[in-house]
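New to this one? Here is a quick briefing to read alongside the sequence and the 3D view.

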Amino acid sequence: MKEKINQEFRADLHCHTTCSDGSMTPEEIVRLAHELDLSGLSITDHDTVDAYEVAVPLAKQLGVELISGAEFSSIQDKDSVHILAYAFPLQNRVLQAFCEKHALRRRERNREILSKLAKHNIPISEEEMLASLTGTLSFKRTLGRPHIALAMYRKGYVSNPQEAFRKYLGEGKLCFCQGESFTAEETINVIHQAKGLAIIAHPHLLNSEGTLKKLLKLPFDGIECYYAHMHANQNERWLQIAKDKNWIVTGGSDFHGELKPQISLGSSWVDQERFSVLQNHFINA
Ligand code: AMP
Ligand code: ZN
Ligand code: FE
Ligand code: FE
């Protein structure tokens with residue numbers, strides 16, 4: 001094990017791998033966490049926990065404390081809401097079945113988006129979407145709009161993936177499809193059945209104050225108060241809410257690798273005390 005240069009405990013609780021829309025494999029991300037001297041990590045791929053098969057043994061070998069995680073897409077009154085799940089047993093059948101349902105939902109939704117794009121003279125095949133992140137077709141992963149955006153960019157229909165979101169794929173844009181999704185409440189229930197903790201992800205990115213107000217009435221366990229590139233004066237608001245509701249405070253970078261090159265792993269994190277709240281829940285789950 002490498003000797004720690006920086007003794008400060010930092011745990012990044014939000015990042016994505018090639019199992020969803022990140023550009024680094026689970027192995028690469030755990031190695032990067034180790035190189036950056038992160039003490040703790042949670043991989044929160046969209047609607048899947050597949051990264052853990054590789055990540056768990058490697059993290060153990062390198063001495064990175066890993067806590068189970070996932071980021072689920074949900075809806076609250078037509079608004080999309082991301083919910084983080086943490087500290088659940090990975091073998092849990094309830095959670096695995098939920099991930100499978102999401103995979104089916106996404107397959108339908110992606111087809112719907114591709115068909116809308118084709119009608120706008122932007123033909124993207126399923127193969128092109130699948131190949132857009134790493135050029136390989138063999139990897140099982142959660143596919144979504146980022147992969148479509150990259151394929152559009154690679155085929156020259158937009159000058160960067162952000163433009164694809166701005167013009168076609170973003171909420172309410174020309175080719176946006178919400179797709180049948182689970183409500184925030186249903187998602188919380190599944191996470192609780194799976195013995196996990198349900199956390200509101202990046203609350204500052206919610207569509208409206210009305211949505212936030214409704215979410216605050218649901219039985220969440222916590223809220224993501226620290227997030228890459230979020231200003232300290234924004235943190236205060238979420239920390240106050242966590243305090244008022246006696247909720248858990250989490251934080252992380254939302255690192256995606258190449259897809260969001262401006263965000264680096266470890267750019268947002270929680271300390272040992274906050275990390276141990278998740279670990280204790282896991283031990284007692
Ligand atoms: P999906 O899960 O298919 O709905 O895609 C959502 C993901 O797309 C988010 O988690 C982000 O990683 C990414 N995303 C959403 N909006 C944008 C945007 N405007 N530019 C780049 N990426 C985005
Ligand atoms: Zn993402
Ligand atoms: Fe998110
Ligand atoms: Fe995320």
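**A ligand and two metal ions**

Start with the largest pocket: that is the space taken by ligand 1. Keep in mind that this is a predicted model. Besides ligand 1, have a look at the zinc ion (ligand 2) and the iron ion (ligand 3), which are 5.7 Å apart.

**Around ligand 1**

- The shell around ligand 1 is made up of D21, H46, H82, R106, R109, G144, R145, P146, F165, H256 and K260.
- Sort those shell residues by type and you get 5 charged, 4 polar and 2 nonpolar.
- Two or more shell residues come from each of these elements: α3 (93–119) and α5 (145–154).

**Polar contacts with ligand 1**

- R145 uses its backbone here: an N or O atom of that backbone sits 2.8 Å from an oxygen atom of ligand 1.
- With R106 it's the side chain, where an N or O atom is 2.9 Å from an oxygen atom of ligand 1.
- H46 also joins in through its side chain, with an N or O atom 3.1 Å from an oxygen atom of ligand 1.
- How much of ligand 1 does the protein cover? On its own, ligand 1 has 500 Å² of accessible area, and the protein covers 77% of that.

**The zinc ion (ligand 2)**

- The protein donors are D21, listed twice through OD, plus H46 (NE2) and H256 (NE2), and they lie 2.0 to 2.7 Å from the zinc ion.
- Along the sequence, the spacing of these donor residues reads D-x24-H-x209-H.
- D21 sits in the loop between β1 (11–12) and α1 (26–35), while H256 is in the loop between β8 (248–252) and α10 (272–284), so this pair ties together parts that are 235 residues apart in sequence.
- D21, H46 and H256 also turn up in the shell around ligand 1.

**The iron ion (ligand 3)**

- Which protein atoms are the donors of the iron ion? They are OE of E71, ND1 of H82 and NE2 of H202, at 2.1 to 2.2 Å from the ion.
- In sequence, the donor residues follow the spacing E-x10-H-x119-H.
- H82 and H202 link distant parts of the chain, 120 residues apart: H82 is in strand β5 (residues 79–86), and H202 is in the loop between β6 (197–200) and α8 (209–215).
- H82 is also one of the residues around ligand 1.

Notes: Residues are numbered from 1 along each chain as its sequence is written. Chains are lettered from A and ligands numbered from 1 in the order in which they are written. This is a predicted model: local features need pLDDT of at least 70, side-chain atom pairs count only at pLDDT 80 or more; totals for chains, interfaces and linings use all residues. Side-chain values use heavy atoms; hydrogens and water are left out. A residue is near a molecule or strand if one of its heavy atoms lies within 4 Å of it. A polar contact is a pair of N or O atoms within 3.5 Å; within protein, one must be able to donate a hydrogen and the other to accept it, and residues adjacent in sequence count only if both atoms are side-chain atoms. Accessible areas come from the Shrake-Rupley method with a 1.4 Å probe; for residues, only the protein chains shown count as cover. On a 1 Å grid over the protein atoms alone, a cavity is a set of points where a 1.4 Å probe fits but cannot get out, and a pocket is an open set with protein on both sides within 12 Å along at least five of seven lines; lining residues have an atom within 4 Å of a point. A molecule sits in a cavity or pocket if more than half of its atoms lie within 2 Å of its grid points. Helices (H or I, at least four residues) and strands (E, at least two) are DSSP runs, numbered from the N terminus. Ala, Val, Leu, Ile, Met, Phe, Trp, Tyr, Cys and Pro count as nonpolar, Asp, Glu, Lys and Arg as charged, and the others, Gly among them, as polar. Donors are N, O and S atoms within 2.8 Å of the metal (3.2 Å for Na, K and Ca); water is not among the atoms, so sites may look incomplete.
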